[in-house]
Amino acid sequence: MEDQFQTYLGWYLPEARLEYSKLPECGGLELLLIEAGFDDSQLSFDQIERLSDDPPYWIFCWASGRAMAQLILSGGIDVKGKVVADFGAGSGVVAIAAKLAGASQVYACDIDERCRELTTLNAKRNGVELHVIDDLSSISEPIDLILAADVLYEKKNLAFLDLMLNACESVVIADSRLKHMPDHRFRHFQTLTTTSFPDFQEAKANNEVKFYRSEG
Ligand SMILES: C[S@@+](CC[C@H](N)C(=O)[O-])C[C@H]1O[C@@H](n2cnc3c(N)ncnc32)[C@H](O)[C@@H]1O
């Protein structure tokens, strides 16, 4: 299965390798991600176009996912015994952290097939069981908490807030791109500074991850 992902990555970046890495300050949580130190300074126009047309979100752990995993594992977000859904799971980092921290059931939801496949692989690597799904509305049991990290990267994605609140009144968002939460149903409660992993040297402004909790 790892070979299959190497093939997927080769379509974008033939010189890059995937490797399992331990996420810093997250216990032993490991993810299959692009190698640290990959030199992206010589990408061709075609490569850049491919990366932006159909972004392979799964090759990184995004700053917000990393920060949210840290907060879950340090007890700053209580998931113990809860039915949790991770919306926009990417590599599965938040879902895996929630299961490791004692959630009773965890649904990892992503629209992207590669993300779902990689989440399944990463869950296995960390010895946890997740329900990997493509649509929040397919969850038939009551959800106690929805978590979402770095999903508000486009203005139109603010509609996800309604989608999540319709599925569960308790929602926690981590986001490094949104400078001001425009939705008054959410309250800021924490900020952590970190980077994507591996660090793809985003603008420093995107290293400040803000956490918002629904007021309901
Ligand atoms: C920037 S990535 C963040 C991944 C992960 N949460 C993290 O922090 O590392 C955003 C993710 O949201 C997913 N996504 C976008 N629209 C979605 C939708 N309508 N339903 C579920 N997932 C979606 C993308 O496929 C992508 O994996």
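**A tour of two pockets and a ligand**

Select first Asp-40, Leu-51, Ile-59, Phe-60 and Phe-200, which lie nearest the centre of the second largest pocket, a space lined by 20 residues. Here a pocket is, on a 1 Å grid over the protein atoms alone, an open set of points where a 1.4 Å probe fits, with protein on both sides within 12 Å along at least five of seven lines, and lining residues have an atom within 4 Å of a point. This is a predicted model, in which local features need pLDDT of at least 70 and side-chain atom pairs count only at pLDDT 80 or more, while totals for chains, interfaces and linings use all residues. Residues are numbered from 1 along each chain as its sequence is written, and side-chain values use heavy atoms, with hydrogens and water left out.

Next, select Gly-88, Asp-110, Asp-150, Val-151 and Tyr-153, which lie nearest the centre of the largest pocket, lined by 28 residues.

Now display the ligand, which sits in the largest pocket (more than half of its atoms lie within 2 Å of the pocket's grid points). Around the ligand are 18 residues, the closest being Trp-62, Gly-65, Gly-88, Asp-110 and Ala-149 (each has a heavy atom within 4 Å of the ligand).

Finally, inspect the polar contacts, pairs of N or O atoms within 3.5 Å. A polar backbone atom of Gly-65 is 3.1 Å from an oxygen atom of the ligand. A nitrogen atom of the ligand lies 2.7 Å from a backbone N or O atom of Gly-88, and a nitrogen atom of the ligand lies 2.9 Å from a backbone N or O atom of Ala-149.

Definitions and conventions. Polar contact = N/O pair within 3.5 Å; in protein donor to acceptor, adjacent residues only side chain to side chain.
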